[in-house]
Amino acid sequence: MAHAPREIILAKNLGFQYVGARKAAIQEIELTIKENEFILLTGPSGCGKTSLCRCLNGLIPNFYQGEWTGELLVDGLSVTTQLTSELSRRVGYVFQNPENQLFALTVEKDIAFGPENLGLSRQEIRQRVDEAMNVTGTLPLKDLAPYELSGGQQQRVALAGVLAMKPSVIVLDEPTSFLDPRTAEEVMKATDDLRRELGLTIVVVEHRLDLVARYAERIIVMDGGKVVADGGLEETLDEKFDLLEGLGVGVPRVSLLWTMLRRDGLVSGKVPTHVESAAASLQGMMNQ
Amino acid sequence: MSLRTLEGFKFSTLKTPVHLLDPRTKFLIVIAVLVPALLFANIYVMIVLLLSQIPLLLVGRVARRWALSLRAGVFLSALIFVVNLFTGSYLSAIALTLRFLVLLTSFSLFFMTTSPDDLGLALDRIGAIRWLSRRWLGYPNALSFTFTTAVRLVPTLAVDAQTVVDAQRSRGLELDKGNLLKRVRNYIPILIPLLLIAIRRSLELAEALESRGFPGKEGRTSLFQLKLRPVDYAIIAFSLVAITGSFWVFFHYKIPVL
Amino acid sequence: MITLDKVSYTYRSGQRALTDIDLNLEGGDFIAIMGENGAGKTTLAKHLNGLLKPSQGRVLVDGEDTRKVSVAKLSRKVGLVFQNPDHLLFSETVKDEVAFGLKNFGFAPEVVEKQVMRTLEALGLAEYAETSPFLLSGGERKRVALAAILATEPDYLILDEPTIGQDYQQKERLRNFILQLYSQGKAVVMITHDVEFVAESNPMVILLSQGRIVARGPADSVLSKDELVKKASLVRPQMSRLFSELTKYGFPSDVVDVHRARILLEEKLSEVKVRVAQNS
């Protein structure tokens, strides 16, 4: 990027309580996210990660009713004053269940769905659909029906449908839960490739850190509706390891291994976040 | 009546000339068959109507499946025949049974050669439906979307239904035992989860759709359109002639049963 | 014991789902069935309680051929917990839900009541006894489904993808629970693609690919073989991938568990430490 990355998401004292809930789902959230960041959002079940994501594209407060506090600006728009349909141009959302996101009777029609809603010209829609299919490798699937696709294919089609909206931010809420490990890795890598190619900002919600650790530079940890840690992935795993473990976050096994060895004084240095860096660090220790 | 007889109404993905006709054209064909079939009770008329659809069935390559839909109608046809034997002459019984078969064939042909996709698109274009949709649901395309979504969810929910049956059987539920009352009650553990799953899927779908801009403020464009081609116009003209002709004959002549 | 004797299964559409499956399951066994989507894992599971009958071969549950016994009768011994709890839940209260199976099997009301409360307590659900299952969170509903099957105390328990959507703590609880069950003499079969969970629990692993068993053995030997793992659309556990990079230091190649990895590394690293201290 030629210019300095701008702040694309800004949350000030953000809070929300669903109608009929006993307590707030999220509270006192202060957040600044810059363009092109790859953020991992994690925390134990019920910590508010999904609620925070829903605020980012306007599902809260438009689809989910409740009490809103504070301010949230996304790509310059204030979420409380915009309809989800307007915010959907800026923020795309990929859901956990691959099958329930696909609406149309063929893949091509499903990807076209979003741009059609924007009232664009037919040529523009055609162009966006073709681009989205090319970039996600879903062109060979274009005449198939949603229920004929595998989970991994469904997620890629969902991603294509989101990309056709040309958003600047994409939120993925546990997108690989139903996918086998190999497909999960492919989806994550594809997401990161798209981030680099298109300059997107990515927010991924995941329990299993090892899937995302290779790509995420920053981690935001939530618990009980609040942010309890926010920083670089390496630093946070290094300095706040016990906090993360205590919360039951699925820390990468290599990070756990290193922390245990470090406690015994057998290794020194920063906690590695994935296999390659762990191998390199261990080899360094062995070769002393 | 097993589920296989429903095959006679399921869309078959082929690209025959009949399949390629605009759904509105095909619907007009149905009306063109329906009107004379209902206006008259003449055996020859019924035979003509039935035979005239056979070329369409053959060109559309759906004749074998049509045979299945006829099998589905065997029970009802027999019923109609017997009932009419008691209330009228045996000639009128034959005519009315034939009428039932004509109507069955017409609808079967329509559904086998028209994709739900295209039906949805057609519904989107019909003024009356858009008006109704706007009055009831606030958006002109809401009704056609409801239709498309329902069709889209059917295969998925069919799988869900089987899974629920399997899951409950695995807890000792026996669906084929007991008196009528018990059997009906035994379906509660099947229907409730299925209903809730259907609702949950619909809500998740709605969430996903809203996240992609539905319904949108400005007018919605459609990537795919229906186009009426010369052959469509020809058939529409022919159908309109058949319909008006039938009405004219009806009001001017008295056609007996035979 | 459940025996699968040269079981093959073909769908009515003609598609072959399982070919020549031979399997024995006894009390005290803990088995993980892994494989790519469509490999036949769920199809195999449904043969264990008679939901599906083999096209060829036979399935014997405690000596009885599943083709001769009803699913309801087999379900007394074989509990199958489906992946999505929403396919099971229909009752007004959690208590009623857990009692359903017991009532179907004809137990007396006092027995049902006692057994329901026992199961709810074992799974930490006692506080929700009078709550509607639909008001609970996803993880809690999964536990209710598990309770509903466990209440009838089946000898064989089959779990279909029990770790999906669960956070680490919930998985730990599940692991401990499974440990309790098979040490009590039950047989536990888990269908899963969660490689790290399997690596840490060390069951016997059966790898299915395109309807055939392509590997059978302890977790550390099966999951550390790259070609096998790839075939099943899985990924080797982190420890295995890490140790592949460290073989030149003399480490074994079948490490999958973090604790064993630690012990092995502690040994080597202590030596290094001593050596470094000596040289300086």
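Helices are DSSP runs of at least four residues, numbered from the N terminus. The exercises below concern a predicted model.

**Exercise 1. Describe the lining of the second largest pocket, and state which element gives its largest share.**

Solution.

Step 1. Begin with the space itself: the second largest pocket holds about 530 Å³.

Step 2. Locate its centre. The lining consists of 33 residues, and those closest to the centre are R208(A), D210(A), L211(A), D194(C) and E196(C).

Step 3. Assign the lining to elements. Chain A gives two or more residues from each of α7 (181-198) and α8 (209-212), while chain C does so from α6 (168-183), α7 (195-201) and α10 (238-244). The largest share, five residues, belongs to α7(A).

Step 4. Sort the lining by class. It has 14 charged, 13 nonpolar and six polar residues.

**Exercise 2. Characterise the interface of chain A and chain C, and determine which residues of chain A lose the most area to chain C.**

Solution.

Step 1. Count the participants: 41 residues of chain A and 40 residues of chain C make the contact.

Step 2. Take the area. About 3500 Å² is buried between the two chains, and carbon and sulfur atoms give 61% of it. On the side of chain A, the residues that lose the most are R182(A), R253(A) and M286(A), which together account for 21% of what that side buries.

Step 3. Examine the polar pairs. Three salt bridges cross the interface of chain A and chain C. One pair in a salt bridge is E185(A) with R241(C), whose closest N and O atoms are 3.8 Å apart; this distance falls within the 4 Å cut-off. Polar contact joins 16 residue pairs between these chains, both residues being at pLDDT 80 or more.

Step 4. Map the side of chain A that touches chain C. At least two residues come from each of α7, α10 (241-247), α11 (253-263) and α12 (275-286) of chain A. The largest share, seven residues, is that of α12(A). By class, this side divides into 20 nonpolar, twelve polar and nine charged residues.

**Exercise 3. Carry out the analysis for chain B and chain C: how many salt bridges are there between them?**

Solution.

Step 1. The contact draws 19 residues from chain B and 23 residues from chain C.

Step 2. Between them the chains bury about 1800 Å², with 60% of this area on carbon and sulfur atoms.

Step 3. The count is three salt bridges between chain B and chain C. D166(B) pairs with K46(C) in a salt bridge, with 3.0 Å between the closest N and O atoms. Nine residue pairs are in polar contact across this interface, again with both residues at pLDDT 80 or more.

Step 4. On the side of chain B that touches chain C, the elements giving two or more residues are α8 (142-169) and α10 (188-210) of chain B. That side comprises nine nonpolar, six charged and four polar residues.

**Exercise 4. Explain why the salt bridge of E35(A) and R6(A) ties together parts that are apart in sequence.**

Solution.

Step 1. Set the context: over all chains the count comes to 50 salt bridges.

Step 2. Recall the principle. Side chains of opposite charge can pair when their charged atoms come close.

Step 3. Apply the distance test. The side chains of E35(A) and R6(A) meet at 3.4 Å, N to O, which is within the 4 Å cut-off.

Step 4. Place both residues. E35(A) is found in the loop between β2 (26-34) and β3 (38-42) of chain A, and R6(A) in the segment before β1 (7-18) of chain A; the pair therefore ties together parts that are 29 residues apart in sequence.

Notes. Residues numbered from 1 in each chain as written. Chains lettered and ligands numbered in written order. Predicted model: local features only at pLDDT ≥ 70, side-chain atom pairs only at ≥ 80, totals over all residues. Heavy atoms only, no water. Contact = heavy atoms within 4.5 Å. Buried area = accessible area lost by both parts, 1.4 Å probe. Polar contact = N/O pair within 3.5 Å; in protein donor to acceptor, adjacent residues only side chain to side chain. Nonpolar A, V, L, I, M, F, W, Y, C, P; charged D, E, K, R; others polar. 1 Å grid on protein atoms, 1.4 Å probe; cavity = no way out; pocket = protein on both sides within 12 Å on 5 of 7 lines; lining within 4 Å. Points joined across faces, edges and corners; volume = space filled by probe spheres on them.
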